[in-house]
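Q: Please take a close look at the salt bridges in this structure, setting out the residues that form them, where those residues lie and how far they are covered.

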Amino acid sequence: MALVLGVYLQPFSSIINYFFLGVLIVTATYFLAPVLLRKWISDKDGNPLPPGPPIRYAFLRKYAELALHDWQKKYGPVFSIWMGTQLFVVVSDPHIARDLLVSNGAVFSTRKRYFMKNQIILRGRAITASPYGDKWRQHRRLATQVLTPKAMQGFASIMDYESHIFIKSLYKQGQKGKLPVNPAHYAGRFALNNMLIISFGMRTDTSEDPLVEKALDLAMEFMDLTGPWSNAVDFFEALQWLPTPKRSRVLNSTMVLSRFTEHDPEIREPRQKLDWEDLCMLSAVFTLGGVHSTSGIIQWFLALIPSHPHIAEKAYEELDRVIGRERWPNAADEPNLPYIRAIIKEVQRVHAPFWMATPHCTSQDFTYKGTYIPKDTVVVLNCYSLHHNEERYPDSYVFKPERYLGDDLGCGESAKLANVMDRDHWTFGAGRRICPGLPAAERELWLAISRLLWAYKFEALPDEPISLDEYEGLSGRTPLPYRLKLVPRIDNLDIVLQAADEVKITW
């Protein structure tokens with residue numbers, strides 16, 4: 001009987017073996033297909049796709065910018081990579097970035113319909129997710145009305161006040177420099193209050209307000225869930241039908257996003273022909289994006305300064321010479337403090353909050369200098385490689401604000417320079433979809449960082465080293481948690497800080 005059963009099972013076992021062998025061959029063929037696809041796919045004149053890795057990827061490692069940086073060294077300033085079924089083209093050269101994203105912005109300014117970010121969370125709405133067209137123009141028009149440099153003048157007193165409260169909160173929490181402080185919560189609240197007032201006409205009036213922690217957690221969650229390489233479901237469409245823990249996180253984030261504006265009666269009124277959901281998503285994403293990026297840059301500044309005391313000393317010398325110690329700097333002082341401005345630009349270069357910016361997508365076929373970029377290709381601005389271009393930034397891995405001395409332009413003005421090699425950095429993106437919140441971010445960063453430098457000396461804790469290499473977040477980047485001491489360097493700091501107290505503003 002056993003012999004007969006064994007003879008019967010042998011063919012079945014062979015079928016199973018052949019089945020798994022077939023699956024293995026099909027899978028290997030699928031993931032190695034780029035070798036053939038790059039030979040088969042071309043434009044009508046035979047121009048090929050950009051070179052790139054010979055395999056198809058399901059995901060990239062945690063620090064994806066390092067993989068892109070290695071690939072651009074191997075394959076050149078324009079290379080392609082398949083993530084599942086989606087073709088990406090990565091641009092790592094400033095001249096090419098300008099040619100594609102600026103000079104040919106009509107072709108390179110739409111968005112891929114990412115499943116998680118664009119379809120599930122934002123539902124194709126908000127300025128960051130809407131495809132290039134009339135809807136995007138409406139969003140952009142509304143955003144720029146509020147966020148132009150001229151419009152920022154109307155919020156000058158608000159940002160001045162919030163930076164005052166930010167410095168005062170750190171002073172109080174650190175007990176006048178005696179105790180170490182983790183600055184993340186306070187930098188986040190500073191950025192959040194500015195965005196809440198601009199978007200909704202309200203602010204948190206205590207550091208303990210639960211909205212602060214909720215907003216910071218949601219901002220990090222949003223960035224983790226919506227990075228350009230974060231979700232295999234964005235590149236393998238069959239996965240969109242399967243329930244996963246990450247999809248549950250996405251749905252939860254969507255519900256929280258909607259609550260950001262549900263109590264504001266004014267924002268429900270139609271504006272610029274946008275409906276309620278348009279305004280909800282536009283305002284919430286503007287708020288969360290501004291919180292994450294601005295607070296992240298402030299955190300990186302505070303992480304960097306303790307290990308660069310010579311830079312702090314130069315900043316102190318400039319502040320004492322130009323401002324003195326009886327008052328602190330304000331927005332009007334910026335042109336007279338070039339070294340402080342240079343520090344802020346260098347922080348943004350070394351630790352940009354988004355190394356891949358927000359990817360663009362082609363709306364039609366395009367051929368660039370013998371290289372074919374098909375319609376619906378996702379185009380990634382490789383900010384990490386752009387910011388480590390040794391021709392533009394010698395000793396690019398060194399934190400050296402001096403490289404920006406003589407650069408008197410704001411980031412928005414710098415982005416318009418005819419010579420792209422004179423541009424300061426690419427932190428806010430490029431082309432028609434450059435970040436509209438740039439003027440607000442610049443004003444916030446100036447007030448926060450110039451006043452931090454005026455008010456404090458920065459001391460790292462000997463037994464708690466601050467990591468400058470690792471970070472949290474798969475898309476948005478913030479330092480790993482750290483603490484430091486902020487020791488007052490101004491004798492009358494207590495008197496200066498007493499000039500403003502918390503006030504309550506609600507909708």
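**Salt bridges and their surroundings**

A: A search of the whole structure finds 16 salt bridges, where a salt bridge is a side-chain nitrogen of Lys or Arg within 4 Å of a carboxyl oxygen of Asp or Glu. This is a predicted model, in which local features need pLDDT of at least 70 and side-chain atom pairs count only at pLDDT 80 or more, while totals for chains, interfaces and linings use all residues. Residues are numbered from 1 along each chain as its sequence is written, and side-chain values use heavy atoms, with hydrogens and water left out.

One of the bridges joins the side chains of Arg-451 and Asp-160, with an N to O distance of 2.6 Å. This pair ties together distant parts of the chain, since Arg-451 belongs to helix H18 (residues 438-455) and Asp-160 to helix H9, 291 residues apart; helices here are DSSP runs of H or I with at least four residues, strands are runs of E with at least two, and both are numbered from the N terminus. Arg-451 counts as buried because its relative accessibility is 1%, whereas Asp-160, at 28%, counts as partly exposed. Buried means under 20% relative accessible area, exposed means over 50%, and partly exposed lies in between, with a 1.4 Å probe and protein chains only.

Another bridge is formed by Lys-314 and Glu-402, whose closest N and O atoms are 2.7 Å apart. This pair also links distant parts of the chain, 88 residues apart, with Lys-314 in helix H14 (residues 309-322) and Glu-402 in the loop between helix H16 (383-387) and helix H17 (411-414). Lys-314 is partly exposed at 40% relative accessibility, and Glu-402 is likewise partly exposed, with a relative accessible area of 27%.

The side chains of Arg-98 and Asp-99 meet in a salt bridge as well, at 3.7 Å from N to O. Here Arg-98 counts as partly exposed, at 26% relative accessibility, while Asp-99 counts as buried, at 17%. Elsewhere, Asp-320, Arg-325 and Arg-489 are linked to one another in a network of salt bridges.

Helix H9, which carries Asp-160, also takes part in a cavity. The structure holds 3 cavities of 30 Å³ or more, and the largest has about 50 Å³ of space. Its lining is made up of Glu-162, Ile-165, Phe-166, Ser-169, Tyr-186, Arg-189, Phe-190, Asn-193 and Arg-203, and the elements that give two or more residues to this lining are helix H9 (156-173) and helix H10 (184-200). A cavity is a set of points, on a 1 Å grid over the protein atoms alone, where a 1.4 Å probe fits but cannot get out, and lining residues have an atom within 4 Å of a point; grid points are joined across faces, edges and corners, and the volume is the space filled by probe spheres set on the points.

The loop between H9 and H10 contains Gln-175, a residue other than glycine whose phi is nonetheless positive, near 50°. Gln-175 is partly exposed, with a relative accessible area of 46%.

As for the setting of these pairs, the protein has 19 helices and 11 strands, and buried residues make up 56% of its 507 residues.

Notes. 1 Å grid on protein atoms, 1.4 Å probe; cavity = no way out; pocket = protein on both sides within 12 Å on 5 of 7 lines; lining within 4 Å.
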